[in-house]
Amino acid sequence: MRIFSGIQPTGRKHLGNYIGAIRQYVVGQDRGEAIYCIVDLHAISVAYDPAELRERLYDTTAILLAAGLDPKRCVLFRQSDVREHVELTWLLSAVTAHGDLNRMTQFKEKSAKQRELVSAALFLYPVLQAADVLAYKADEVPVGDDQRQHIELMREIARRFNERFGELLVVPEHRIPEVGARIMDLQEPTVKMSTTAQSEQGTVFVLEDADATRKKVMSAVTDSGSEVARGPDKAGVSNLIEILAVVEGATMEEVESRFDGSGYGDFKRAVADAVVDFLAPVRERYGELRADEAELERVLEAGAEKARAIAAPTVAEVRDAMGIGGPRG
């Protein structure tokens, strides 16, 4: 089993990132051959600051290592260090339908937010994402629920390539956790937790101090009732139940049963304490790792060398199948 996933270096990593993606990465090291990529090329598809991008990339690397990624047990690298990703993107664009890209929900949402320029890179984002995975012939892609549409397009691109040029690419499966795939904003529980939210009060950041985390959880929007139970009109409470279930390794039914008859105050305090304890080891380890940028670079460069050894033969096979360049010896 070969597992591949990528994570954006932009923005401050939050609880939704940690539960939906990073936690899966750590588990993946014991499930198969795990390859993880920090996707800085994806990050430049929207307006960005170059200096900040590099800082955030080191931040993300340190968080991943602090969370439990072990370079001896997985491949961790920076996307732009493996140029096969870019070449394969162009080759795969030849079997990607313009109409499919035009239907991508994330393109519509992100392009609407761009005030000056909607880049071609943003439009081609899903093709680069497909190249990221298909270059490694990965069997499985752990992602959050919001990436479901992109993974289906990736699968279609692989199928279309194989039908035209021969069975060469692996058609990957997505792995979306049953619980925690979509952690919602604490202030607007109908919206996914995000670093682009208008207010930071609804976003729990991995690296913020414990007091800030507790305050945000205690002030989370619930509803006018007092029953700790999921329901269509209880988005805020449902979100907190899901968070506590993931953090404690329980089922949502067990959480509801535990707080049956309790008020929101006791429930929120339990969620706050659990989240603080959940993130504390990562915050503590992060400080040690982030200070040594030379070591972070060493890890990324070593990972890129391993990644290239896997991706380069795939791209060579794709080039040959498509009739690009001279014939292979």
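**Close-up views of a predicted model**

**View A. Surroundings of Glu208.** Glu208 touches Thr203, Thr213, Lys216 and Arg283, leaving aside residues up to four places away in sequence. The model shown here and in the other views is predicted. Glu208 is found in the loop between strand 5 and helix 9. Strand 5 covers 173-175, and helix 9 covers 210-218. Glu208 is buried because its relative accessible area is 9%, under the 20% cut-off. The side chain of Glu208 has two polar partners to look for in this view. One is the backbone nitrogen of Phe205, reached at 3.3 Å. Another is the side chain of Thr213, with a polar contact of 3.2 Å. Thr213 is thus listed among the residues that Glu208 touches.

**View B. Asp185 in the loop between strand 5 and helix 9.** Asp185 is found in the loop that runs between strand 5 (173-175) and helix 9 (210-218). Glu208, the subject of View A, is found in the loop between these elements as well. Relative accessibility is 4% for Asp185, so this residue counts as buried. A polar atom of the Asp185 side chain lies 2.7 Å from the backbone nitrogen of Gln187. Val221 is 36 residues from Asp185 along the chain. The C-alpha atoms of Asp185 and Val221 are separated by 9.2 Å.

**View C. Crossing of helix 7 and helix 8.** Helix 7 spans residues 120-134, and helix 8 spans residues 148-165. Their axes come within 9 Å and cross at roughly 70°. Helix 7 is therefore roughly perpendicular to helix 8. The crossing of the two helices is right-handed. Helix 7 makes the contact through Tyr125, Pro126, Gln129, Ala130, Val133 and Leu134. Helix 8 contributes His150, Leu153, Met154, Ile157 and Ala158. Nine residues of this contact are nonpolar and two are polar. None is charged.

**View D. Helix 4 against helix 7.** Helix 4 (residues 84-93) packs on helix 7 at an angle of about 115°. The axes are 8 Å apart. This crossing is right-handed. From helix 4, the contact takes in His85, Leu88, Thr89, Leu92 and Ser93. These meet Val127, Leu128, Ala130, Ala131, Asp132 and Leu134 in helix 7. By class, the contact has seven nonpolar, three polar and one charged residues. Ala130 and Leu134 of helix 7 also take part in the contact with helix 8.

**View E. Buried residues of helix 4.** Glu84, His85, Leu88, Thr89, Leu91 and Leu92 are buried in helix 4. Residues three or four places apart in an α-helix point the same way, because a turn holds 3.6 residues. The buried residues of helix 4 pack against three strands: strand 1 (2-7), strand 2 (33-38) and strand 3 (74-78). They also pack against helix 7, helix 8 and helix 13 (293-322). His85, Leu88, Thr89 and Leu92 are among the helix 4 residues that meet helix 7.

**View F. Ser45 and its contacts.** Ser45 is found in the loop between helix 2 (40-43) and helix 3 (50-67). Relative accessibility is 6% for Ser45, so the residue counts as buried. The Ser45 side chain reaches the backbone oxygen of His42 at 2.8 Å. Beyond residues up to four places away in sequence, Ser45 touches Ser119, Ala121, Leu122 and Tyr125. Tyr125 also belongs to the contact of helix 7 with helix 8.

**View G. Lys137 after helix 7.** Lys137 is found in the loop between helix 7 and strand 4 (140-142). The phi of Lys137 is positive, about 50°, although the residue is not a glycine. Lys137 is partly exposed, with a relative accessible area of 25%.

**View H. Helix 1 packed on helix 12.** Helix 1 (residues 15-28) and helix 12 (residues 264-290) pack at an angle of about 65°. Their axes are 12 Å apart. Helix 1 is thus roughly perpendicular to helix 12. The crossing is left-handed. Leu15, Tyr18, Ile19 and Arg23 form the helix 1 side of the contact. Val275, Phe278, Leu279 and Val282 form the helix 12 side. The contact has seven nonpolar residues, no polar ones and one charged.

Methods: Residues are numbered from 1 along each chain as its sequence is written. This is a predicted model: local features need pLDDT of at least 70, side-chain atom pairs count only at pLDDT 80 or more; totals for chains, interfaces and linings use all residues. Side-chain values use heavy atoms; hydrogens and water are left out. Axes are lines fitted to C-alpha atoms, for helices over the stretch in contact, and angles run from 0 to 180 degrees between N-to-C directions. Angles under 35 degrees count as roughly parallel, over 145 as roughly antiparallel, 65 to 115 as roughly perpendicular and the rest as oblique. A crossing is left-handed if the near helix is turned anticlockwise from the far one by less than a right angle, and right-handed if clockwise. Contact means heavy atoms within 4.5 Å. Ala, Val, Leu, Ile, Met, Phe, Trp, Tyr, Cys and Pro count as nonpolar, Asp, Glu, Lys and Arg as charged, and the others, Gly among them, as polar. Buried means under 20% relative accessible area, exposed over 50%, partly exposed in between (1.4 Å probe, protein chains only). A polar contact is a pair of N or O atoms within 3.5 Å; within protein, one must be able to donate a hydrogen and the other to accept it, and residues adjacent in sequence count only if both atoms are side-chain atoms.
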